[in-house]
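Trainee: I should like to learn how to read a few features of a protein model. May we look at one together?

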Amino acid sequence: MDSSRSAQRAVIQFLSAEGVHASQIYRKTKEVYGELCLAQCTTFRWCQRYEAGRVNIEDMQRPGQSHGVTNSATTSAADELIRQNRWITTREIAVELSISKGTVHHIIHKRLGYGKVCAQWVPKHLSENQKTARMGVCLTQEFLH
């Protein structure tokens, strides 16, 4: 059973078009979707929208900064700045790329997977070559002691 918001909105739209009251729609969706059901006030709000003539079940665009800032060009530019200088700060990257510090934080941590260790950006997830190199260093140091 698809319990996504858009699936539930489609059910609400259908039942609303059938003339079913909002409270009955909420009870029926609560029976079917259980804890994944939309909140009662949300169900009522969508019923009002459909009764007012809305036909689209998707969210409308909201005002604010578009998510186009975190595109691949910005991500690769941030990655290049970090590779050039591992000690660069999020503020310096934000100034360099003319984006907010929050966006830089999102790019660095979520998209690139870096973490700050000893004031230096390092990848959280190692490639196979990096894992092998670290293993080799550990083994050679083990024999030195």
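Mentor: Let us begin with disulfides; please note that this is a predicted model. A search of the whole structure finds zero disulfides.

Trainee: What is a disulfide in general?

Mentor: A disulfide is a covalent bond that joins the sulfur atoms of two cysteines. To be counted here, the two sulfur atoms must lie within 2.5 Å.

Trainee: Why does C37 form no such bond?

Mentor: The closest cysteine sulfur to that of C37 belongs to C41 and is 11 Å away, which is too far for a bond. C41 is likewise in no disulfide, its nearest cysteine sulfur being that of C37.

Trainee: Is C37 buried or exposed, and how is C41 classed?

Mentor: C37 is buried, with a relative accessible area of 13%. C41 counts as exposed, at 51% relative accessibility.

Trainee: What sign does the phi angle have in most residues?

Mentor: Apart from glycine, most residues have a negative phi. In this model, S98 has a positive phi of about 60° although S98 is not a glycine.

Trainee: Where is S98 found?

Mentor: S98 belongs to the loop between helix 5 (90-97) and helix 6 (101-111). The residue is exposed, and its relative accessible area is 67%.

Trainee: Which domains does the assignment give?

Mentor: The domain assignment of the protein gives domain 1, covering 5-52, and domain 2, covering 72-111. Taken over C-alpha atoms, the centres of domain 1 and domain 2 are separated by 42 Å.

How values were computed: Residues numbered from 1 in each chain as written. Predicted model: local features only at pLDDT ≥ 70, side-chain atom pairs only at ≥ 80, totals over all residues. Heavy atoms only, no water. Domains from an automatic or database assignment. Helix = DSSP H or I, 4+ residues; strand = E, 2+ residues; numbered from the N terminus. Buried < 20%, exposed > 50% of the residue type's maximum accessible area, 1.4 Å probe, protein only.
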